Amino acid sequence: MKDLIEQSKDVLEGKEENIEEAFMRLPSTVIGTDLFVLQRDLKDFMYSQMKNRDFNPKQFDDMIKRMEKIKKSAKKFNKASDMGPEFKYRSN
C-alpha cells in the first residue's frame with residue numbers, strides 16, 4: 001500500500017486514475033429529527049458527566065445505536081444533480 005506522500009505525488013503528476021469523487025449525505029428528515037435529538041441528548045450526557053453524576057452505560061449504548069441508525073441512513077452520490085430534495089437540508 002502506498003504511503004500518503006507517494007499517493008500525493010501520483011495525484012499531482014496525474015498518475016492517479018481512480019480518484020473517487022463520490023460523497024455522502026444524510027436525509028434532511030434525519031438531520032432535523034434524529035440528529036437534532038441525539039445532539040441534545042449527547043450534550044445533556046456530557047454536562048451530567050461534568051457534574052460528576054453516575055455514568056449510565058445503557059444511556060450511552062442507546063446513543064451509539066442511534067448514531068449507527070443515522071449512519072445507515074446516509075446515501076452515496078456521484079454528483080450533486082443525483083441528489084433528491086430529501087437530501088438537501090434547508091434550515092428554518
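## Helix α2 and its surroundings

Helix α2 has S28, V30, L38, D41, F45 and S48 as its buried residues. Those buried residues pack against α3, so the two helices make a handy place to start, given that contact here means heavy atoms within 4.5 Å. Please keep in mind that this is a predicted model.

**Helix α2**

- Helix α2 covers residues 28-50, which makes 23 residues.
- At 1.5 Å a residue, a span of 33 Å is expected for α2, and its end C-alpha atoms are 32 Å apart, so the two values agree.
- Along the way, α2 has a kink of about 30 degrees, and L35 is at its centre.
- Just after α2 comes N52, whose phi is positive, at about 60 degrees.

**Helix α3 and a nonpolar surface patch**

- Helix α3 runs over residues 57-72, and M67 is part of it.
- M67 has a relative accessible area of 38%, so it counts as partly exposed, because that class lies between the 20% limit for buried and the 50% limit for exposed.
- On the surface, M67 joins F55, F60 and I64 in a nonpolar patch.
- Together, these four residues offer about 340 Å² of accessible area.

**G84 and P27**

- G84 sits in the segment that follows β2 (75-77).
- With a relative accessible area of 17%, G84 is buried, because buried means under 20%.
- In sequence, G84 and P27 are 57 residues apart, yet their C-alpha atoms are 9.2 Å apart in space.

Conventions: Residues are numbered from 1 along each chain as its sequence is written. This is a predicted model: local features need pLDDT of at least 70, side-chain atom pairs count only at pLDDT 80 or more; totals for chains, interfaces and linings use all residues. Side-chain values use heavy atoms; hydrogens and water are left out. Patches are made of residues with over 30% relative accessible area and no salt bridge: like charges are joined within 9 Å, nonpolar side chains (Val, Leu, Ile, Met, Phe, Trp, Tyr) within 5 Å. Accessible areas come from the Shrake-Rupley method with a 1.4 Å probe; for residues, only the protein chains shown count as cover. A salt bridge is a side-chain nitrogen of Lys or Arg within 4 Å of a carboxyl oxygen of Asp or Glu. Helices (H or I, at least four residues) and strands (E, at least two) are DSSP runs, numbered from the N terminus. Buried means under 20% relative accessible area, exposed over 50%, partly exposed in between (1.4 Å probe, protein chains only). The expected span of a helix is 1.5 Å times one less than its number of residues. The bend at a residue is the angle between axes fitted to the seven residues ending there and the seven starting there.
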